Amino acid sequence: MTISARNQLAGNVEEILLGQIMAHVTVRVGENLVESVITRRSIDTLQLKVGDAVKVLIKSTEVMLQKD
């Protein structure tokens with residue numbers, strides 16, 4: 001699959017919290033966690049489960065940074 005998103009982070013699904021319509025997915029990328037809310041249908045279509053290797057694709061009009 002070709003996609004235009006250039007911000008791609010490889011990680012593993014650490015947690016999936018299922019709601020009736022939406023799901024909250026936590027992905028570990030190195031020492032960091034990335035959280036995403038996707039449809040439950042997407043969970044089913046991707047057959048996503050804890051431990052799966054995934055790519056986090058970030059496509060945003062705004063990314064904010066704060067210096068430590």
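Contact means heavy atoms within 4.5 Å. The model is predicted, so that local features need pLDDT of at least 70 and side-chain atom pairs count only at pLDDT 80 or more, while totals for chains, interfaces and linings use all residues. Residues are numbered from 1 along each chain as its sequence is written, and side-chain values use heavy atoms, with hydrogens and water left out.

**Exercise 1.** Determine which residues Val27 touches, not counting residues up to four places away in sequence.

*Solution.* Under that condition, Val27 touches Gly11, Asn12, Val13 and Glu14. The list continues with Asn32, Leu33, Val34, Val54 and Val56.

**Exercise 2.** Identify the elements that give two or more residues to the largest nonpolar core.

*Solution.* Begin with the term: a nonpolar core is a set of buried Ala, Val, Leu, Ile, Met, Phe, Trp, Tyr and Cys residues joined through side-chain atoms within 4.5 Å. Buried means under 20% relative accessible area, exposed over 50%, and partly exposed in between (1.4 Å probe, protein chains only). The largest such core has 10 residues, among them Val13, Val27, Val54 and Val56. Its contributors of two or more residues are strand S1 (7-18), strand S2 (22-29) and strand S4 (53-58). S2 provides the largest share, 4 residues. Helices (H or I, at least four residues) and strands (E, at least two) are DSSP runs, numbered from the N terminus. In soluble globular proteins, nonpolar side chains tend to be buried together.

**Exercise 3.** Describe the salt bridges of the structure.

*Solution.* A salt bridge is a side-chain nitrogen of Lys or Arg within 4 Å of a carboxyl oxygen of Asp or Glu. The structure holds 2 of them. One joins the side chains of Glu14 and Arg28 (2.7 Å, N to O). This pair links distant parts of the chain, with Glu14 in strand S1 and Arg28 in strand S2, 14 residues apart. Glu14 counts as partly exposed because its relative accessibility is 37%, and Arg28, at 32%, also counts as partly exposed. In the other bridge, the side chains of Asp52 and Lys49 meet (3.2 Å, N to O). Asp52 is buried, with a relative accessible area of 18%.

**Exercise 4.** State where Gln47 is found and whether Gln47 counts as buried or exposed.

*Solution.* Gln47 is found in the loop between helix H1 (40-46) and S4. Although not a glycine, Gln47 has a positive phi of about 50 degrees. Because its relative accessibility is 63%, Gln47 counts as exposed.
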